[in-house]
Amino acid sequence: MKKNTFENATVYEAPGHHGVVLRRFHGKEETGAEKFWVGMSHFEPHGGAGWGYADNACEKCYYILEGQMTTKDRNGNEWKLNVGDTFSMGPNEERYFENETDYPARVLVIITYPGV
């Protein structure tokens with residue numbers, strides 16, 4: 001069993017993200033997790049992640065902990081996500097993810113490692 005804390009989480013940057021603090025709690029580096037990692041994204045008002053995709057063998061799941069986020073897909077669909085809402089992406093799917101409000105938002109993120 002492995003434990004991690006908010007203070008010890010890995011803070012990292014991701015391409016295409018702005019106005020967000022990204023933290024990873026469980027992953028290869030933090031706790032030795034081999035199949036997935038778990039993190040939390042703190043989006044400032046109007047912060048977000050531009051068009052991005054799940055790597056070819058990677059799946060992603062997002063769960064809204066606080067605030068509201070807007071996500072869009074390349075098919076023209078758009079969803080307003082509130083506390084308790086979730087969405088997931090399969091391999092090679094793209095998404096746009098933005099906090100369009102004047103309040104912060106926190107999102108739990110779970111991502112599989114490629115090849116799992």
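What follows is a conversation between a student and a tutor about a predicted model.

Student: Let's begin with threonine 101. Where is threonine 101 placed, and why is it called buried?

Tutor: Threonine 101 sits in the loop between strand S8 (94–98) and strand S9 (105–112). Its relative accessible area is 18%, and buried means under 20%, so threonine 101 counts as buried.

Student: What makes the pair of threonine 101 and tyrosine 103 a polar contact?

Tutor: A polar atom of the threonine 101 side chain lies 3.0 Å from the backbone oxygen of tyrosine 103. The cut-off is within 3.5 Å, so the distance of 3.0 Å meets it.

Student: Which residues does threonine 101 touch, leaving out those up to four places away in sequence?

Tutor: Those are Pro45, His46 and Gln68.

Student: His46 caught my eye. What is notable about phi of histidine 46, and is the residue buried or partly exposed?

Tutor: Phi of histidine 46 is near 70 degrees, which is a positive value in a residue other than glycine. Histidine 46 belongs to strand S3. Its relative accessibility is 41%; partly exposed lies between under 20% and over 50%, so histidine 46 is called partly exposed. Asparagine 92 also has a positive phi, of about 70 degrees, although it is not a glycine; asparagine 92 is found in the loop between S7 and S8.

Student: Staying with strand S3, why is phenylalanine 43 called buried?

Tutor: Phenylalanine 43 is found in strand S3, and its relative accessibility is 2%. Buried means under 20%, so phenylalanine 43 qualifies. Among the residues that phenylalanine 43 touches are Gly19, Val20, Met69, Phe97 and Val107. Valine 21 is 22 residues apart from phenylalanine 43 in sequence, with 6.7 Å between their C-alpha atoms.

Student: Now the cysteines. How do you know that cysteine 58 forms no disulfide?

Tutor: The closest cysteine sulfur to that of cysteine 58 is in cysteine 61, 12 Å away. A disulfide needs the sulfur atoms within 2.5 Å, so this pair is too far for a bond. Cysteine 61 is likewise in no disulfide, and the count comes to zero disulfides.

Student: Why do cysteine 58 and cysteine 61 get the labels buried and partly exposed?

Tutor: Cysteine 58 has a relative accessibility of 3%, under the 20% cut-off, so it is buried. Cysteine 61 has a relative accessible area of 29%, in between 20% and 50%, so it is partly exposed.

Student: Let's turn to the pockets. What is the volume of the largest pocket, and which element gives the most to its lining?

Tutor: About 510 Å³ of space lies in the largest pocket. Of the 27 residues that line it, the closest to its centre are Ala14, His17, Lys60, Arg95 and Ile111. S3 gives the most to the lining, with eight residues. By class, this lining has 17 nonpolar, six polar and four charged residues.

Student: How do the lining residues of the second largest pocket divide?

Tutor: They divide into three nonpolar, three polar and six charged. This pocket has a volume of about 170 Å³, and its lining includes Lys72, Asp73, Arg74, Glu93, Glu94 and Arg95. The elements that give two or more residues are strand S5 (69–72), strand S7 (86–89) and S8, and S7 gives the most, with three.

Methods:
Residues are numbered from 1 along each chain as its sequence is written. This is a predicted model: local features need pLDDT of at least 70, side-chain atom pairs count only at pLDDT 80 or more; totals for chains, interfaces and linings use all residues. Side-chain values use heavy atoms; hydrogens and water are left out. Helices (H or I, at least four residues) and strands (E, at least two) are DSSP runs, numbered from the N terminus. Buried means under 20% relative accessible area, exposed over 50%, partly exposed in between (1.4 Å probe, protein chains only). A polar contact is a pair of N or O atoms within 3.5 Å; within protein, one must be able to donate a hydrogen and the other to accept it, and residues adjacent in sequence count only if both atoms are side-chain atoms. Contact means heavy atoms within 4.5 Å. On a 1 Å grid over the protein atoms alone, a cavity is a set of points where a 1.4 Å probe fits but cannot get out, and a pocket is an open set with protein on both sides within 12 Å along at least five of seven lines; lining residues have an atom within 4 Å of a point. Grid points are joined across faces, edges and corners, and a volume is the space filled by probe spheres set on the points. Ala, Val, Leu, Ile, Met, Phe, Trp, Tyr, Cys and Pro count as nonpolar, Asp, Glu, Lys and Arg as charged, and the others, Gly among them, as polar.
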